[in-house]
Amino acid sequence: MGLWSLVKRIETVVLIAQLASAFFDTGLQMVVKERCANATDSINGTSTVDSRQRAMTNFYMTYNLLAKFTPIIPAIILAKVGDRGYRKIPIVIPLVGYLLSRAVLLSVVTLGWPLEALYGGVVLHGLCGGFCSYWAGVMALVSLRSTEDDRSVEMMRVELIYGLAGLVGSLASGHLFQLYTATFKQGSLLVGLSVAFYLVCLLHSIFLLQINRVQVTASEKENQGLTSHNSRSLVNIALLFAGGILYDVAVGGGVEILVSFEMKEPLNWNATQVGYGNAAGFMVFLTSFFGVMVMSRWVSDVSLIIIGMLSFAAGIYFMAFVTETYMFYLARSLTLFALIPMPTIRSLLSKQVKGSSYGILLISLQLSFKVASLAYTPIYTRVYQATLDWFPGFVFTLSSIITVLATIPISVVGCRLSKRNDYERIQGD
């Protein structure tokens with residue numbers, strides 16, 4: 001495969017977009033920290049750690065709820081358009097939303113717009129489909145170009161590129177945030193680069209991105225025909241959704257609070273440390289990819305999912321007791337396989353339906369995560385605020401417990417698939 005052919009693949013879009021996203025995430029964290037500190041100072045004369053934490057968590061709660069609620073209807077529409085053959089649409093339209101929302105943060109930094117303007121930016125992002133439409137569109141393209149046998153590895157390869165781009169972007173973002181001149185305010189270079197990268201990504205998706213489809217074999221066509229009318233597949237889909245939702249609740253709720261947890265004592269990170277911390281999170285993409293490459297030779301997809309879930313459960317439980325920066329990285333190291341479950345769940349789901357239904361099935365999974373987050377985002381925020389004085393890491397133990405519960409429906413799927421394989425083997429004999 002030539003270099004130009006590689007440039008036209010979806011991986012290039014993922015790479016550029018994630019670099020831009022890593023810059024945005026660090027910029028957003030530091031801007032919110034600074035603005036919330038200034039706001040509490042002006043109200044109280046002096047601000048306490050608790051008042052700053054409550055201001056930050058309240059902002060993120062509203063911001064995250066808007067980010068998860070507004071994309072629901074647009075994402076369904078974009079998925080249906082994609083399944084009708086317009087596969088670029090669920091990717092291009094969300095990138096427009098990304099570009100607009102990042103431009104709002106740039107205006108907050110450079111023009112002094114109020115922090116609340118970011119709510120408008122995230123609504124624009126959501127009305128264009130948001131991350132759930134964008135990522136479901138990416139995974140639908142990967143499903144179309146891969147066979148059932150290599151789909152898990154293909155999806156994990158895209159996750160690896162996503163993680164490596166986030167790693168590089170996060171390592172650089174903390175240093176870029178601190179670069180400023182008399183003309184450009186602190187953070188303007190970092191956020192400006194994020195906007196520029198999203199613009200390049202959008203243009204690439206419109207003019208260069210190619211849609212590749214693998215030739216489906218006769219046996220796969222027969223299997224798709226069977227699964228599309230098989231009630232057993234519907235039960236498997238429901239169980240995979242249940243496991244995926246529980247795991248998303250555990251990961252999403254824990255990571256949302258982690259953003260604020262890093263900003264309080266005893267950690268109290270600056271921009272560079274925030275970038276390094278985000279980079280440690282993206283290292284998990286690398287370790288998860290190699291975990292899939294090595295372990296998939298000996299264990300099933302279901303076993304891979306359970307291994308990944310238990311890895312996250314151990315790491316997030318240890319995170320509850322972190323009091324030093326080195327302990328944070330030790331906790332992160334325990335989550336080295338935490339990114340395996342989601343792409344593997346998507347792979348198993350895609351094997352239950354025909355190729356023409358990939359988009360709507362994968363977007364349904366993403367939207368189920370969004371609906372669940374409407375409940376867990378305020379719950380996690382309120383629990384964190386209530387336990388801030390006596391055990392701020394309590395929410396992380398809660399995530400660990402929910403993760404263990406998520407392994408139950410996945411284990412049931414494993415038993416069902418094993419029985420079906422044995423039955424098909426007997427029938428073949």
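**Salt bridges**

I began with the charged side chains and found that Arg9, Glu11, Arg145, Glu154 and Arg157 are linked in a network of salt bridges. I note at the outset that this is a predicted model, and I read each contact below with that in mind. Within this group I looked up two pairs in detail. Glu11 pairs with Arg9, their closest N and O atoms lying 3.4 Å apart, and I recorded both Glu11 and Arg9 as buried. Arg145 pairs with Glu154, where the closest N and O atoms are 3.0 Å apart, and again Arg145 and Glu154 are both buried.

I then turned to Asp301, which forms a salt bridge with Lys351 at 3.2 Å between the closest N and O atoms. This pair links distant parts of the chain, since Asp301 belongs to helix α13 (residues 301-319) while Lys351 sits in the loop between α15 (341-350) and α16 (358-386), 50 residues apart. I asked myself whether Asp301 should be entered as buried or exposed. Asp301 counts as buried, because its relative accessibility is 17% and the cut-off for buried is under 20%. For the whole structure, my search returned 8 salt bridges.

**The second largest pocket**

Next I examined the second largest pocket, for which I noted a volume of about 150 Å³. Its lining consists of Val31, Glu34, Arg35, Val108, Val109, Gly112, Phe177, Lys185 and Gln186. Sorting these residues by class, I entered 4 as nonpolar, 2 as polar and 3 as charged. Which helix gives the most to this lining? I found that α2 does, with 3 residues. Both α2 (10-44) and α5 (89-111) supply at least two residues each to the lining of this pocket.

**A nonpolar patch on the surface**

Finally I looked over the surface, where Leu246, Ile401, Leu405, Ile408 and Val412 form a nonpolar patch whose accessible area comes to about 410 Å² together. I traced the largest share of the patch, 4 residues, to helix α17 (residues 394-428). From this patch I chose Ile401 for a closer check, and I placed Ile401 in helix α17. I entered Ile401 as exposed because its relative accessible area is 52%, and the cut-off for exposed is over 50%.

Key
Residues numbered from 1 in each chain as written. Predicted model: local features only at pLDDT ≥ 70, side-chain atom pairs only at ≥ 80, totals over all residues. Heavy atoms only, no water. 1 Å grid on protein atoms, 1.4 Å probe; cavity = no way out; pocket = protein on both sides within 12 Å on 5 of 7 lines; lining within 4 Å. Points joined across faces, edges and corners; volume = space filled by probe spheres on them. Nonpolar A, V, L, I, M, F, W, Y, C, P; charged D, E, K, R; others polar. Patch = residues over 30% accessible without salt bridge, like charges linked within 9 Å, V, L, I, M, F, W, Y side chains within 5 Å. Areas by Shrake-Rupley, 256 points an atom, 1.4 Å probe, with all protein chains shown as cover. Salt bridge = Lys/Arg side-chain N within 4 Å of Asp/Glu carboxyl O. Buried < 20%, exposed > 50% of the residue type's maximum accessible area, 1.4 Å probe, protein only.
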